[in-house]
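User: I should like to learn how to read the overall fold and the interior of a protein model. Could you take me through one case, feature by feature?

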Amino acid sequence: MSNYQGSCFCGEVKYQVSGSPEAMGYCHCDSCRRWSAGPVNAFSLWPSDTLEILSGNDQIGEFHLTEQSYRKWCKKCGGHVFTDHPTWGLVDVYVANLPDLKFEPALHVHYQETELPIRDGLPKMKDVPAEMGGSGETLPE
């Protein structure tokens with residue numbers, strides 16, 4: 001089984017995920033864009049029970065605007081580390097924080113909100129796949 005270690009910006013919070021992600025892709029929603037301070041957010045979704053905090057658990061802050069996403073960051077440096085999605089049983093570990101993970105995106109989600117159109121041939125979901133409670137509708141590039 002593969003293990004991938006990551007940390008916050010200063011290294012105070014260290015964690016690892018094991019196995020393989022359930023999905024990888026890009027999120028274009030306003031919430032992710034504002035949280036990441038970027039035009040798009042690269043995600044890797046893992047079963048929640050595969051995430052292990054190795055150090056700095058007491059330095060993890062949390063904010064949730066909705067019950068869908070519990071965003072976590074380091075209280076020391078402010079670096080974003082992951083987002084729990086309890087209703088899905090998944091955790092989004094930001095790809096930028098997993099340097100050894102080979103990022104293989106499969107889709108774009110919330111593409112109806114994009115500020116940065118990307119022409120890469122991947123499916124562009126209007127919101128999220130139907131199995132995750134979305135419409136399952138795709139949009140043209």
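Analyst: The discussion below moves from the overall fold to the nonpolar cores and then to a single tryptophan. Please keep in mind that this is a predicted model.

User: Which secondary structure elements does the protein contain, and in what pattern do they follow one another?

Analyst: The protein has one helix and 12 strands. Along the sequence the pattern is β-β-β-α-β-β-β-β-β-β-β-β-β.

User: Why may the protein be called as compact as a globular protein of its length?

Analyst: One compares the radius of gyration with the globule rule. Here the radius of gyration is 15 Å, and the rule gives 14 Å for 141 residues; the two are close, so the protein is as compact as a globular protein of that length. The C-alpha trace spans about 45 × 30 × 25 Å along its principal axes.

User: What percentage of the residues is buried, and what share of the contacts links distant positions?

Analyst: Of the 141 residues, 43% count as buried. Among contacts with a separation of 6 or more, 48% join residues 24 or more positions apart.

User: How should I read the nonpolar interior?

Analyst: In soluble globular proteins, nonpolar side chains tend to be buried together. In this model the largest nonpolar core has 16 residues, and Trp-46, Val-93 and Leu-98 touch the most other members. At least two residues of this core come from each of β2 (14-18), β8 (80-85) and β9 (90-93). A second, separate core has 10 residues, including Cys-27, Leu-107, Val-109 and Met-125.

User: Which residues does Leu-98 touch, leaving out those up to four places away in sequence?

Analyst: With those left out, Leu-98 touches Tyr-4, Gln-5, Gly-6, Tyr-15, Val-17, Ser-44, Trp-46 and Val-93.

User: Where is Trp-88 placed, and what is its relative accessible area?

Analyst: Trp-88 sits in the loop between β8 and β9. Its relative accessible area is 29%. Buried would require under 20% and exposed over 50%, so Trp-88 is partly exposed. Not counting residues up to four places away in sequence, Trp-88 touches Gln-68 and Met-132. From C-alpha to C-alpha, Trp-88 and Trp-46 are 10 Å apart in space, while 42 residues apart in sequence.

User: Finally, what area does the protein expose, and how many charged side chains of each sign does it have?

Analyst: The protein exposes about 7,500 Å², of which carbon and sulfur atoms supply 51%. There are 11 positive and 19 negative side chains, with the centres of the two sets 6 Å apart.

Terms used:
Residues numbered from 1 in each chain as written. Predicted model: local features only at pLDDT ≥ 70, side-chain atom pairs only at ≥ 80, totals over all residues. Heavy atoms only, no water. Core = buried A, V, L, I, M, F, W, Y, C linked by side-chain atoms within 4.5 Å. Buried < 20%, exposed > 50% of the residue type's maximum accessible area, 1.4 Å probe, protein only. Helix = DSSP H or I, 4+ residues; strand = E, 2+ residues; numbered from the N terminus. Contact = heavy atoms within 4.5 Å. Rg over C-alpha atoms; globule rule 2.2 N^0.38 Å. Areas by Shrake-Rupley, 256 points an atom, 1.4 Å probe, with all protein chains shown as cover. Lys, Arg positive; Asp, Glu negative; His and termini not counted. Charge placed at Lys NZ, Arg CZ, Asp CG, Glu CD.
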